[in-house]
Amino acid sequence: MATSGPAYGLSREVQKKIDQKYDPELEQRLTEWIQIQCGPAVGQPEPGKAGFQKWLKDGCVLSELINSLCSPNKPVKSINRTKMAFKQMEQISLFLKAAENYGVTKTDMFQTVDLYEGKDMAAVQRTLMGIGSLAVTKDDGNYKGDPNWFHRKAQENKREFTEEQLNQGKCVIGLQMGTNKGASQSGMTGYGQQRQILNP
């Protein structure tokens, strides 16, 4: 945030729309969940979007979060608590890779600069919601907190059909495909010819 200058014109309008997607109530819920999930060692952010961004900016809290959900296997092997910018961005990247392996879809993932520079904190919230939903859905004993905070993801409902059932389906013509019963081409004239009207 400090390294980029003020936005003007269209850039300012775009940034304003992105900022409007940020949900302060969701911030409180996510903060509470991360503290329950990781323990008191992660600390408490200052209230507001800037405080939330500063709390997550170095990637350490996020790495603790994904490690706590993948216990006993820790996908982020080393958590580097340094003030060096490139190391903090690298820590965020390690978290994003671990989150993708955990099952978060690419469309729900934020970019490193979205968090590090505070460009799109709503995307960060979306990623954390995706992780929470997956954790509740997996129900592997690693999730801590209220399961009602996140919705469960849809589960696969695989069905098996016998060969006989599959063959029966081949003979059925669905009405949405249309039918030719009662239709005939009798009385039709060829293309380009005049229609014959007969008087009785």
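**Exercise 1. The crossing of H2 and H4**

Task: In this predicted model, find the handedness of the crossing of H2 and H4, and decide how the two helices are oriented to each other.

Solution.
- Step 1. Start with the handedness: H2 and H4 cross in a left-handed way.
- Step 2. See who makes the contact. H2 brings Trp33, Ile34, Gln37 and Cys38, while H4 brings Val61, Glu64, Leu65, Ser68 and Leu69.
- Step 3. Recall what is needed for a description: two packed helices are described by the angle between their axes and the distance between the axes.
- Step 4. Fill in the values. The angle between H2 and H4 is about 60°, and their axes lie 9 Å apart.
- Step 5. Classify the pair. Angles from 65 to 115 degrees would count as roughly perpendicular, and those under 35 degrees as roughly parallel. H2 and H4 are therefore oblique to each other.

**Exercise 2. The whole chain**

Task: Work out how many helices and strands the chain has, and what percentage of its residues count as buried.

Solution.
- Step 1. Count the elements: there are 8 helices and 0 strands.
- Step 2. Read them in order, and the pattern is α-α-α-α-α-α-α-α.
- Step 3. Turn to burial. The chain has 200 residues, and 34% of them count as buried.
- Step 4. Look at the outside. The accessible surface is about 14,200 Å², with 51% of it belonging to carbon and sulfur atoms.
- Step 5. Check how far contacts reach along the sequence. Taking contacts between residues at least 6 apart, 55% join residues at least 24 apart.

**Exercise 3. The largest nonpolar core**

Task: Find which residues touch the most other members of the largest nonpolar core, and which helix gives the largest share of this core.

Solution.
- Step 1. Keep a general idea in mind: in soluble globular proteins, nonpolar side chains tend to be buried together.
- Step 2. Pick out the best-connected members. The core has 39 residues, and Trp33, Leu56, Ile66, Phe110, Leu128 and Ile131 touch the most other members.
- Step 3. Trace the core to its helices. Two or more residues come from each of H2 (24–38), H3 (49–56), H4 (60–69), H5 (85–102), H6 (112–116) and H7 (121–138).
- Step 4. Compare the shares: H7 gives the largest, with 9 residues.
- Step 5. Zoom in on Ile131. Beyond its neighbours within four places in sequence, Ile131 contacts Trp33, Ile66, Leu69, Phe95, Ala99, Tyr102 and Val104.
- Step 6. Visit H3 as well. Its buried residues include Gly51, Phe52, Gln53, Trp55 and Leu56, and their cover includes H2, H4, H6 and H7.

**Exercise 4. Three residues to sort**

Task: Decide whether Ser63 is buried or exposed, then do likewise for Asn142 and place Asp146 on the scale.

Solution.
- Step 1. Take the cut-offs: buried means under 20% relative accessible area, exposed means over 50%, and partly exposed lies in between.
- Step 2. Ser63 sits in H4. Its relative accessible area is 0%, so Ser63 is buried.
- Step 3. Find its partners. Apart from neighbours within four places in sequence, Ser63 is in contact with Val76, Ile79, Gln91 and Phe95.
- Step 4. Asn142 belongs to the loop between H7 and H8. At 15%, Asn142 is buried.
- Step 5. Leaving out residues up to four places away in sequence, Asn142 touches Gln37, Ser68, Leu69, Cys70 and Ser71.
- Step 6. Asp146 is also placed between H7 and H8 (163–170), in the loop. With a value of 30%, Asp146 is partly exposed.
- Step 7. Finish with a distance. Asp146 and Ile36 are 110 residues apart in sequence, and their C-alpha atoms are 9.6 Å apart in space.

Notes. Residues numbered from 1 in each chain as written. Predicted model: local features only at pLDDT ≥ 70, side-chain atom pairs only at ≥ 80, totals over all residues. Heavy atoms only, no water. Core = buried A, V, L, I, M, F, W, Y, C linked by side-chain atoms within 4.5 Å. Buried < 20%, exposed > 50% of the residue type's maximum accessible area, 1.4 Å probe, protein only. Helix = DSSP H or I, 4+ residues; strand = E, 2+ residues; numbered from the N terminus. Contact = heavy atoms within 4.5 Å. Areas by Shrake-Rupley, 256 points an atom, 1.4 Å probe, with all protein chains shown as cover. Axes fitted to C-alpha atoms, helices over the stretch in contact; angles between N-to-C directions. Parallel < 35°, antiparallel > 145°, perpendicular 65-115°, else oblique. Left-handed = near helix turned anticlockwise from the far one by under 90°.
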